Amino acid sequence: MHEEHGQRDTAQHWRPPTPGEPDAITGLTPREREVLLLLSGAASNRDIGRTLGIAERTVKAHLTHIMTKISVSSRTEAALFAYAHHRHIVQCGKPSTTG
């Protein structure tokens, strides 16, 4: 580690910012979360449709809604978002054990 003027080199801990709004994950429907999780694995619209048993045009509609909700402007940004926030997306789909 390189120290200069009391600062540590944090390059090994630095992560580039990811696109989108993580707080919006809670506003996604269960189906939108499923689509987003499949997208995080680089699945094509056709593959997502086959996996979920829905038409490819329905996948496109879900992706349009997802991208609007999470504030990203491209499929690539949505995939990066999904990859970066995978754990949170999964957790939002689990029933709460408190209460």
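**Meeting the helices of this model**

User: Which residues in α4 do Leu36, Leu39 and Ser40 in α1 meet?
Analyst: Here α1 and α4 are helices, DSSP runs of H or I with at least four residues, while strands are E runs of at least two; both are numbered from the N terminus. To meet is to be in contact, with heavy atoms within 4.5 Å. Across from Leu36, Leu39 and Ser40 of α1, the α4 residues met are Arg75, Ala78, Ala79, Phe81, Ala82 and Tyr83.

User: What kind of model is this?
Analyst: Residues are numbered from 1 along each chain as its sequence is written, and side-chain values use heavy atoms, with hydrogens and water left out. Local features need pLDDT of at least 70, side-chain atom pairs count only at pLDDT 80 or more, totals for chains, interfaces and linings use all residues, and the model itself is predicted.

User: What pattern does the protein chain follow along the sequence?
Analyst: Let's start with the inventory: the chain has five helices and two strands. Writing β for a strand and α for a helix, the order along the sequence is β-β-α-α-α-α-α.

User: At roughly what angle do the axes of α1 and α4 cross?
Analyst: Two packed helices are described by the angle between their axes and the distance between the axes. An axis is a line fitted to C-alpha atoms, for helices over the stretch in contact, and angles run from 0 to 180 degrees between N-to-C directions. For α1 and α4, the axes come within 8 Å, and the crossing angle is roughly 95°.

User: Is α1 roughly parallel or roughly perpendicular to α4?
Analyst: Angles under 35 degrees count as roughly parallel, over 145 as roughly antiparallel, 65 to 115 as roughly perpendicular and the rest as oblique. The axes cross at roughly 95°. That makes the placing of α1 relative to α4 roughly perpendicular.

User: How many nonpolar residues are in the contact of α1 with α4?
Analyst: Ala, Val, Leu, Ile, Met, Phe, Trp, Tyr, Cys and Pro count as nonpolar, Asp, Glu, Lys and Arg as charged, and the others, Gly among them, as polar. In the contact of α1 with α4, one residue is polar, one is charged, and the nonpolar ones number seven.

User: Which residues of α3 make the contact with α1?
Analyst: α1 and α3 pack at an angle of about 90°, with axes 10 Å apart, and are therefore roughly perpendicular to each other. α1 brings Arg31, Glu32, Val35, Leu36 and Leu39, while α3 brings His62, Leu63, His65, Ile66 and Lys69.

User: Which element gives the most to the largest nonpolar core?
Analyst: A nonpolar core is a set of buried Ala, Val, Leu, Ile, Met, Phe, Trp, Tyr and Cys residues joined through side-chain atoms within 4.5 Å. The largest one has 20 residues, and Leu36, Ile48, Ile66 and Ile70 have the most contacts inside it. Two or more residues come from each of α1 (30–40), α2 (45–52), α3 (56–70) and α4 (75–84). With five residues, the top contributor is α3.

User: Is alanine 43 buried or exposed?
Analyst: Alanine 43 is found in the loop between α1 and α2. Leaving out residues up to four places away in sequence, alanine 43 touches Leu38, Ile48 and Arg75. Buried means under 20% relative accessible area, exposed over 50%, and partly exposed in between (1.4 Å probe, protein chains only). At 16% relative accessibility, alanine 43 counts as buried.

User: What is the phi of alanine 42 near?
Analyst: Alanine 42 also lies in the loop between α1 and α2, and at 70% relative accessibility it counts as exposed. Most residues other than glycine have a negative phi. Alanine 42 is not a glycine, yet its phi is positive, near 65°.

User: Where is serine 71 found?
Analyst: Serine 71 has a positive phi of about 65° although it is not a glycine. At 52% relative accessibility, serine 71 counts as exposed. Its place is the loop between α3 and α4.

User: How many Å apart in space are threonine 26 and glycine 93?
Analyst: Threonine 26 sits in the loop between β2 (7–8) and α1, and is exposed, with a relative accessible area of 58%. It is 67 residues from glycine 93 in sequence, while the C-alpha to C-alpha distance is 8.8 Å.
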